[in-house]
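Hi,

Here is the structure I promised to pass on. Have a look first, and then read my notes below.

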Amino acid sequence: MTALDLARIQFGFTISFHIIFPAITIGLASYLAVLEACWLKTRKPVYNDLYHFWLKIFAVNFGMGVVSGLVMSYEFGTNWSRFSDYAGSVTGPLLTYEVLTAFFLEAGFLGVMLFGRHKVGEGLHFFSTVMVALGTLISTTWIIASNSWMQTPQGYTLADGRLIPMDWLSVIFNPSFPYRLVHMSIAAFLSTALIVGAAAAWHLLRGNDNAAVRKMLSMAMWMMLIVAPIQAFVGDLHGLNTLHHQPAKLAAIEGHWENTGSDGTPLILFGWPDMEREATLYSVEVPRLGSLILTHSWDGKIPALKEFPKADRPNSTVVFWTFRLMVGLGFAMIALGLWSAWLRWRGELFTSRPFLNVALVMGPMGIVSILAGWITTEMGRQPWVVYGLMRTADGVSRHSVLELSISLVLFVLIYFAVFGAGIGYLIRLMRIGPVLNEPREVDAGGPGQGRHAMRPMSAVTESADALDPSRSS
Amino acid sequence: MDLPFIWAAVILFAVLMYVIMDGFDLGLGILYPWFPAKEDRDVVMNTVAPVWDGNETWLVLGGAGLLAAFPLAYSVVLSAFYLPLIFMLIGLIFRGVAFEFRFKAHEHERHFWDKAFIGGSIAATFFQGVVLGAYEQGIPVVERMYAGSAWAWVTPFSLFTGLALLVAYALLGSTWLIMKTEGSVQEQAYRLTKKLVWGLLAAIVIVCVWTPLMNPGIAQRWFAYPNILYAAPVPILTVVSAALLLLAVAKRSHAAPFLFTLALVILNYVGFGISLWPNIIPPNISIWDASSPPQSQGFTLVGALVIIPLVLAYTLWGYYVFRGKVKHGEGYH
Ligand code: HDD
Ligand code: HEM
Ligand code: HEM
């Protein structure tokens with residue numbers, strides 16, 4: 001293990017933990033806005049019950065997003081100091097805007113959303129929920145702009161060996177930004193829907209059948225049916241864009257080593273890309289399908305890995321598989337959506353045990369796809385940290401293996417303990433399930449109260465003892 | 001307009017906000033072992049419950065702002081203090097979640113989160129102090145990169161500043177408790193405060209003697225004519241605040257001890273700034289050398305100037321509404 005490897009593993013590890021929480025924050029915030037809109041429009045109590053149920057989970061999840069994000073904002077300097085010096089004048093402002101917008105949201109609307117139900121009018125409360133949802137998307141926009149700029153940089157000049165932003169619009173709206181923003185936002189929605197659906201399935205399987213639980217499942221499955229195919233479409237466009245701007249990444253994703261003859265490029269379904277032997281072993285191919293998907297023609301050619309110097313090739317073994325994992329799960333989501341539509345039509349959506357079991361198993365798969373997608377994106381752009389401009393090896397801080405090992409071990413131990421406990425707590429909250437027509441006495445929060453927006457987790461009052469179904473029931 | 005100057009002010013302000021707002025929070029964590037009874041612990045927690053946690057966002061703003069406005073400083077300082085900063089972050093993770101998980105955990109797990117809360121507070125504070133001391137001692141830079149060793153931050157001076165910050169935050173915590181509580185908790189807070197005041201005053205004196213001895217450049221800055229005239233108010237006000245603080249504790253005032261402790265902390269912060277000004281990477285890289293281009297600083301400043309005042313207003317309002325004492329049995333949840 002070199003120091004560079006360790007620095008990368010550490011960054012990948014901490015950000016992988018972080019992204020889990022924001023993804024759920026983004027999805028749940030919008031889901032809550034929809035629930036509240038439905039409640040205000042129809043006045044059906046289920047929507048109100050569901051709102052209160054998911055609000056608690058949102059609050060705890062949000063808190064963990066903040067804590068894990070704190071680490072991220074320092075890691076650029078601690079681990080990637082030469083990158084920060086080189087490109088900080090471009091990525092720094094984008095990151096600062098992310099913090100400022102998160103700030104703004106925390107300071108105002110989150111407080112009203114979590115605690116202000118009985119203090120402000122319904123309209124204002126709904127407005128706050130919408131603003132929080134919007135805030136998470138704005139925050140996503142900034143951070144994705146920063147990451148996309150690192151993938152497809154533009155709008156800068158180079159002076160004294162450092163980058164200077166010349167045109168902020170072209171920095172932000174860089175070529176891969178729109179695709180990545182849409183793809184990531186949808187990914188957050190899908191992941192959340194899968195979790196909501198799995199929670200509902202779990203309750204139904206245990207015989208805890210009520211209107212709110214059914215509504216959860218139904219909403220989640222409409223989301224699958226409609227949005228999962230859109231995600232595949234967006235993903236396809238994203239891939240075509242990558243082909244244009246990062247051809248080596250695409251070749252690695254496809255495990256495509258060389259262009260031979262005049263025939264079209266096959267699509268390799270499975271295989272084992274071997275970086276040493278420069279070939280994809282044991283491959284199962286469909287002739288010409290690669291050409292068809294990627295160039296939309298019968299014998300179009302795409303760049304092949306051997307056309308790039310060895311030092312410029314991303315690790316095909318990894319991205320080949322992470323990409324297939326993501327796409328495979330994407331198709332599984334589409335299938336789940338179709339199956340749900342079929343069952344819905346036959347009136348068996350809430351009773352089919354095989355379906356409910358599958359929905360339960362699919363619960364975490366959105367998060368798995370997100371992680372797989374990011375690994376594809378990030379490892380596929382190697383060896384560059386700023387594509388075509390700075391190599392990852394030149395961006396890393398000069399730390400010793402000893403230092404990095406100490407910190408990595410600490411991070412791994414502590415993240416699993418702390419966030420493991422937090423995720424366990426989230427799951428326990430989900431197991432209580434929504435409470436119907438819960439009498440909600442005024443539990444005002446906000447400044448002056450024990451519960452406060454600055455501490456989103458304080459929105460939840462349940463202690464684990466009360467949560468444990470074996471003890472409370 | 002001198003953008004680097006404005007940005008230095010914004011970042012110094014964000015860090016000061018952090019120190020003021022998180023200082024007494026962390027102090028309570030440090031003092032926790034001296035409040036073993038569960039009811040007392042609950043009162044201690046309740047005094048900060050409404051203002052917890054938002055504080056760390058100032059630290060995030062300081063970090064991100066530093067990257068945007070002074071990327072060189074961000075990259076050098078953060079990589080120079082790699083390990084102590086990681087230790088600090090880990091302390092803050094523990095502290096940040098332990099506070100909430102404590103209330104939510106199973107009864108038999110609670111003691112674990114209590115310990116996480118204490119340990120996290122102590123680690124975060126100590127390593128902040130260490131970084132502060134090591135920063136003041138200077139950072140060797142060659143070709144825009146940190147050129148010292150991985151362990152250069154471990155010096156007698158930095159370890160001392162680490163301890164000194166523990167005392168300072170603990171004092172902020174104990175005087176905060178005097179202001180916010182009554183009865184047995186307040187009594188205990190008075191007892192602790194009496195010891196901590198002398199501890200902090202001793203620490204201040206030692207740092208004031210040690211720093212110029214260690215670093216002739218800083219001695220020059222403070223004592224050469226005419227600087228001494230500009231700088232003089234800082235030590236004078238420090239002595240005055242210290243005297244008033246001792247008096248206030250002796251008279252058993254409620255709010256005054258906290259306010260004078262805050263004054264001491266702010267004065268020390270200003271003094272620290274004077275020692276380093278205008279360098280952002282001591283001993284000799286100035287804010288102008290390290291700044292990002294005006295395109296970056298200007299663009300980011302727009303957002304900062306709009307949003308920071310809003311956040312400030314909201315925060316002040318929160319403290320205002322929350323004024324007054326916290327009593328036993330006033331439930332936190
Ligand atoms: C796609 C979305 C996304 C991605 C890729 C990231 N984040 Fe994030 N982050 C969010 C979406 C988000 C969020 C949804 O906006 C959060 C979750 C909770 C919150 O307050 O905002 C957040 C919180 C959050 C916070 C806490 C803000 C606060 O105090 O309120 C920080 C400091 C960061 N993030 C920093 C980062 C860094 C440095 C990242 C990359 C290296 C990063 N995030 C990736
Ligand atoms: C959106 C903001 C992001 C930024 C600015 C960013 C930036 C970076 C940087 C600087 C590196 C180090 C250089 C390298 O080894 O590639 C990196 C690596 C990595 N990132 Fe991202 N990243 C972002 C989001 C994510 C997310 C959300 C994930 C989620 C899983 C992720 C996964 C990874 C992984 C796994 C690596 C290690 C790659 C490797 O070892 O080759 N990134 N990223
Ligand atoms: C089903 C068909 C899908 C296709 C064709 C597809 C395509 C792609 C491609 C080509 C990339 C790499 C972009 C790059 O070059 O950097 C990518 C990245 C990613 N994918 Fe997918 N994807 C699909 C489904 C999904 C699903 C279901 C999820 C999650 C729920 C997901 C989440 C992500 C994420 C988080 C990234 C990294 C961020 C980004 O670059 O947008 N994808 N996807």
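Below are my notes on two sites, ligand 1 and the iron of ligand 3. Please keep in mind that this is a predicted model.

**Ligand 1**

You will find ligand 1 between chains A and B. Its shell has 22 residues, and those that come nearest are A:H18, A:F62, A:G69, A:E106 and A:S139. By type, the shell holds 13 nonpolar, seven polar and two charged residues.

Where does the shell come from? Five helices each supply at least two residues: helix 1 (3-42), helix 2 (45-79), helix 3 (81-115) and helix 4 (122-151) of chain A, plus helix 3 (56-69) of chain B. Helix 2 of chain A gives the most, namely eight residues.

Three side chains of chain A make polar contacts that you may like to look up:

- A:S139 has a side-chain N or O atom 2.4 Å from an oxygen atom of ligand 1.
- A:H18 places a polar side-chain atom 2.9 Å from a nitrogen atom of the ligand.
- A:E98 has a side-chain N or O atom 3.4 Å from a nitrogen atom of ligand 1.

**The iron of ligand 3**

Which protein atoms bind the iron? The donors from the protein are NE2 of A:H183 and SD of A:M326, at 2.0 to 2.4 Å from the iron atom. This pair links distant parts of the chain, with A:H183 in helix 6 (residues 177-205) and A:M326 in helix 10 (residues 316-346) of chain A, 143 residues apart. Both A:H183 and A:M326 are buried. The iron site has six donor atoms with angles of 75 to 179 degrees among them, and is octahedral.

Best wishes

Definitions and conventions
Residues are numbered from 1 along each chain as its sequence is written. Chains are lettered from A and ligands numbered from 1 in the order in which they are written. This is a predicted model: local features need pLDDT of at least 70, side-chain atom pairs count only at pLDDT 80 or more; totals for chains, interfaces and linings use all residues. Side-chain values use heavy atoms; hydrogens and water are left out. A residue is near a molecule or strand if one of its heavy atoms lies within 4 Å of it. A polar contact is a pair of N or O atoms within 3.5 Å; within protein, one must be able to donate a hydrogen and the other to accept it, and residues adjacent in sequence count only if both atoms are side-chain atoms. Helices (H or I, at least four residues) and strands (E, at least two) are DSSP runs, numbered from the N terminus. Ala, Val, Leu, Ile, Met, Phe, Trp, Tyr, Cys and Pro count as nonpolar, Asp, Glu, Lys and Arg as charged, and the others, Gly among them, as polar. Donors are N, O and S atoms within 2.8 Å of the metal (3.2 Å for Na, K and Ca); water is not among the atoms, so sites may look incomplete. Four donors count as tetrahedral if all angles lie between 85 and 135 degrees; four count as square planar and six as octahedral if opposite donors are over 155 degrees apart and all others between 65 and 115; anything else is irregular. Buried means under 20% relative accessible area, exposed over 50%, partly exposed in between (1.4 Å probe, protein chains only).
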